[in-house]
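Trainee: Got a minute? I'd like to walk through this one with you.
Mentor: Sure, put it up.

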Amino acid sequence: MNTIVGTGVKSVSDYTASDVVKALLQVLPEHCVLSRLEDTRPYECDGLSLYRSLPMAVVLPETEKQVQDVLIACRRLGVPVVARGAGTGLSGGAMPHAQGVLLGLAKFNKIKHIDRDAAIAIVEPGVRNLAVSEAAAPFGLYYAPDPSSQIACTIGGNVAENSGGVHCLKYGLTVHNVLKVRMITIDGEIVELGSMAPDSPGPDLLSVFIGSEGMLGVVTEVTLKLTPKPALARVIMASFDDVEKASSAVAEIIAAGIIPAGLEMMDQQATQMVEPFVKAGYDTSAAAILLCESDGTVEEVADEIARMEEVFQRVGATRLQVSESETQRLLFWAGRKNAFPAAGRVSPDYYCMDGTIPRRNLGRVLNAIAEMEKRFNLRCANVFHAGDGNLHPLILFDSNSADEVQRAEDFGAAILELCVEVGGTITGEHGVGMEKINQMCVQFSRDELDSFLRVKRAFDPATLLNPEKVVPTLARCAEYGKMHVHGGALPFADLPRF
Amino acid sequence: MNAPHALQVLRKPLPADFVMQLQNRFGDRFSIAQAVREHHGKDESAYPAMLPDAVVFALTTQEVVAVVTLCNQFQVPLIPYGAGSSLEGHLLAIEGGVSLDVSGMNQIISLDAEDQTVTVQPGLTRKQLNEQIRDSGLFFPIDPGADASLGGMASTRASGTNAVRYGTMRENVVSLTVVTAQGKVIRTSRRARKSSAGYDLTRLFVGSEGTLGVITEVTVKLYPQPEAVSAAVCNFQTVNDAVQCVISAIQMGVPLARVELMDKAAVHASNKYSKLTLQETPLLLFEFHGSESSVKEQAELVQELARENGGMDFEWADRTEDRNRLWTARHNAYFAGLQLRPGCRSNTTDVCVPISRLAECVNATTSELEKASFPSTIVGHVGDGNFHVLMLLDPNNPAEWDESERINHNIVRRAIEMDGTCTGEHGVGLHKMQFLDQEHGEDALSLMRMIKTSFDPNNILNPGKIISLDLAG
């Protein structure tokens with residue numbers, strides 16, 4: 001039989017916290033090891049604060065050699081390791097393991113080299129996303145992927161999650177903008193994946209590594225592709241009196257052969273939430289707005305903006321406004337990028353989903369979400385990367401009410417399962433982490449999950465790197481199957497129940 | 001060592017029980033005829049044929065499952081076969097076994113015009129695909145020259161003349177259906193445009209050259225046919241000038257759809273072979289895609305850059321038939337080159353370097369080739385930093401083979417030292433295995449080996465390709 005069952009970490013640990021700290025102190029200076037409760041508390045969760053756990057120790061190494069030594073020490077003791085960048089992840093990928101070590105890479109914050117001619121930047125993993133573009137600006141270059149958290153999130157975290165952003169429709173995700181990753185395996189081997197050339201021979205381990213959520217190795221250096229800054233960028237804000245029309249406008253733009261630099265949608269709940277906070281100038285009377293950007297040379301932009309306007313008018317836009325200055329363009333985007341903080345202002349808690357669907361089902365899924373608002377009796381604001389079909393429904397709830405928490409979780413799960421049903425995926429860019437591990441059983445078959453485990457086994461046979469996340473064990477899927485019968489069919493019906 | 005020497009590998013005869021089961025299931029579509037085996041034992045590389053022991057023609061995913069399952073059970077090597085147009089010995093049955101021909105699986109399964117994707121069976125060729133979807137207003141851009149099958153293109157991570165604009169198969173395969181070595185059918189991804197759920201199995205299988213699984217369905221991205229297309233030829237005094245012009249255009253962010261370099265010898269060969277009247281100096285072939293005004297603007301900008309780098313005036317090919325003649329000539333450059341020296345065979349290189357090092361790399365290569373005892377041509381997808389040298393060799397003169405291999409090694413070493421790669425698009429196959437250690441390092445190779453053994457513990461899938469499992473080898 002070829003099925004692989006995740007081995008997991010030893011459930012009863014044969015080491016104590018003090019064993020672990022002692023081993024770490026042998027390879028690290030004292031100030032790099034944190035083990036007191038008040039020191040480790042800030043690391044108990046990432047951006048998904050619903051899940052928390054305290055690690056046995058937090059280490060903040062300063063050199064690649066120290067990272068290597070930490071991994072070797074943990075491998076020897078059989079201690080799980082969870083890597084962390086800025087902790088802005090939204091799926092619990094950096095949540096510590098209670099029996100493990102949290103490996104913070106914050107001190108790896110140097111931009112080592114920017115080469116204008118080759119249009120690349122070599123950076124350490126703890127460098128902030130936006131810092132790369134700032135450093136490249138004098139050369140007329142920038143780093144294209146721009147997750148909304150770009151002022152805080154790190155390149156190492158972007159690599160782990162394969163982050164996107166509002167401009168990835170045209171410029172691609174992290175995987176399209178990274179040339180090379182230097183990483184250390186749990187065995188302490190330093191490996192470089194990828195190459196400076198556009199393609200490197202053999203299995204594409206770089207792509208496998210990007211988005212692997214810290215389960216295959218720890219990044220110590222990343223070579224990024226930089227993009228020439230366009231001469232001009234302008235964004236159209238298009239208003240629609242109906243979400244369905246806005247959705248078909250998205251399809252029509254793409255069908256017209258236009259690839260906008262960004263194509264984002266916000267529904268009325270979202271614009272009304274954001275506008276008082278950011279004052280972006282959004283049309284809060286519209287049922288939905290689209291932000292559609294064109295970039296390139298002056299003539300290209302003029303030409304493309306005219307074509308975009310023509311499409312929007314044809315589909316029935318009620319109002320069109322084109323940014324008249326760089327300041328106004330940035331303000332239009334600031335509203336979109338601040339949707340999450342704005343949600344935090346109007347609701348005690350919010351839960352952000354990340355399902356991605358084939359674009360043509362946008363209207364159908366949005367209508368279904370509106371129905372679910374009634375069913376679960378919770379409000380849900382929609383902001384999303386419409387061009388990619390990547391939804392970010394924000395479910396607003398109050399964590400002081402256990403009942404609301406439960407309804408929010410059920411609401412989220414229902415959205416994700418709907419995404420899979422229409423041919424999509426449970427996560428477009430935030431990763432699986434802890435949060436969506438159950439839905440993995442819905443999206444993937446047992447044979448597909450087995451293939452994931454085969455990859456994992458090749459890199460980390462003892463499953464010490466970020467264990468118990470991303471790829472569910474069969475036991476977990478069976479358990480989940482008991483609770484959530486999907487579309488009338490029990491997932492993994494052939495499995496023995498545990 | 002390189003071609004044309006045959007490899008000495010132990011071959012085991014097929015077990016009788018295995019043969020009987022395949023015969024029963026596939027009837028006429030199972031063959032051990034010499035002619036059929038010969039056809040499946042070679043590709044476009046210079047390697048001598050190495051025949052499989054049998055050929056099976058599969059028509060469905062379920063039939064592929066049946067063959068893979070039997071091969072795994074009897075531990076018989078299995079090599080997927082599409083159009084047979086690969087260049088590096090990918091298809092050669094060095095350990096015998098079964099060649100699994102999927103060329104009969106050549107249907108479009110579903111065209112999703114709104115989402116701009118199409119799902120096809122692996123044997124469909126890129127030209128067949130484009131003919132069949134023409135009415136949708138969409139097209140599939142990747143164009144490796146040969147009329148390769150989509151399955152083969154995914155397996156070798158093919159690219160081609162317009163990768164500079166549209167990317168390679170790495171960027172354009174959305175999802176694959178794959179039969180694993182265990183005979184399980186998996187889908188590597190959904191049709192959504194992006195996903196961060198689980199490891200990126202799609203890109204693991206793309207470029208794995210049949211060593212990790214057998215592809216039975218391919219979903220690729222399609223693009224709207226551009227509103228306006230124009231092509232131009234620009235002659236230069238030297239290869240270096242031409243390359244400098246391309247570097248400037250890329251650095252300015254001009255979205256070139258295609259930019260191809262041909263050296264003087266390649267132009268001469270194409271004039272003779274394709275009956276053209278191009279001026280015989282190094283030249284660039286450009287193609288611009290976009291709206292009327294953006295095509296015009298791009299072309300003006302590039303003409304300006306060409307002049308600054310000593311280029312002559314553009315010669316335009318605006319009519320579709322002129323453009324097609326030009327690109328057909330470029331695609332036939334390989335065969336045109338061979339005609340320069342009747343009866344010759346070629347040793348082909350495929351290095352790719354960062355664009356900032358391209359001029360340096362091409363110059364060093366050119367001066368080395370000038371001293372060689374045989375003729376050669378250079379053509380290149382210069383927008384990607386990728387170029388090919390065709391060394392035209394007398395098959396009866398082993399000294400020429402050895403000399404060409406020395407030059408090949410130097411070219412690859414130089415490319416790797418410049419942070420480039422030994423193969424930009426042809427894949428590893430047999431020919432490039434020798435360079436992988438130098439390029440990736442032993443630790444990365446050992447990870448690749450572990451991936452291989454983890455997916456295919458019995459080593460039945462295209463054994464002996466890409467990486468050697470034998471540590472001593």
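Mentor: We'll take the chain contact, then a strand and a helix in chain B. Keep in mind that this is a predicted model.

Trainee: How many residues does each chain put into the contact?
Mentor: Chain A gives 72 residues and chain B gives 69 residues.

Trainee: Which elements of chain A supply at least two residues each on that side?
Mentor: β9 (190–194), α8 (205–209), α9 (243–255), α11 (298–315), α16 (437–443) and α17 (446–459). The largest share is from α17(A), with nine residues.

Trainee: What's the split by class on the chain A side?
Mentor: The side of chain A that touches chain B has 30 nonpolar, 25 polar and 17 charged residues.

Trainee: How do α11(A) and α11(B) cross?
Mentor: Their axes come within 9 Å and cross at roughly 175°. Angles over 145 degrees count as roughly antiparallel, so α11(A) and α11(B) are roughly antiparallel to each other.

Trainee: Which residues make that contact?
Mentor: From α11(A), Glu299(A), Glu300(A) and Asp303(A). From α11(B), Ser293(B), Ser294(B) and Glu297(B). By class, that is no nonpolar, two polar and four charged.

Trainee: New topic. Is strand β13 of chain B mostly covered or mostly open?
Mentor: Mostly covered. β13(B) spans residues 258–262, and five of its five residues are buried.

Trainee: Which residues point which way from β13(B)?
Mentor: Arg258(B), Glu260(B) and Met262(B) point one way, and Val259(B) and Leu261(B) the other way. Side chains in a regular strand alternate between the two faces of the sheet. Note that Arg258(B) and Glu260(B) are among the buried residues here.

Trainee: What does β13(B) pair with, and in which sense?
Mentor: β13(B) runs antiparallel to β14(B), residues 283–290, and five bridges join them. β13(B) also pairs with β17(B), residues 376–381, in the antiparallel sense over two bridges.

Trainee: And the bridge partners of Leu261(B), which are they?
Mentor: Leu284(B) in β14(B), and Gly380(B) in β17(B).

Trainee: Now helix α10 of chain B. Which residues are buried there?
Mentor: α10(B) covers residues 264–274, and Ala265(B), Ala266(B), Val267(B), Ala269(B) and Ser270(B) are buried.

Trainee: What do they pack against?
Mentor: Strands β13, β14 and β17 of chain B, plus helices α12 (320–331) and α13 (333–339) of chain B. So the three strands we just paired up come back here as packing partners of α10(B).

Trainee: What comes just after α10(B)?
Mentor: Lys275(B), with a positive phi of about 55°.

Notes: Residues numbered from 1 in each chain as written. Chains lettered and ligands numbered in written order. Predicted model: local features only at pLDDT ≥ 70, side-chain atom pairs only at ≥ 80, totals over all residues. Contact = placed C-beta atoms within 7 Å. Helix = DSSP H or I, 4+ residues; strand = E, 2+ residues; numbered from the N terminus. Nonpolar A, V, L, I, M, F, W, Y, C, P; charged D, E, K, R; others polar. Buried ≥ 20, exposed ≤ 12 C-beta atoms within 10 Å, placed from the backbone. Pairing = 2+ DSSP bridges. Axes fitted to C-alpha atoms, helices over the stretch in contact; angles between N-to-C directions. Parallel < 35°, antiparallel > 145°, perpendicular 65-115°, else oblique.
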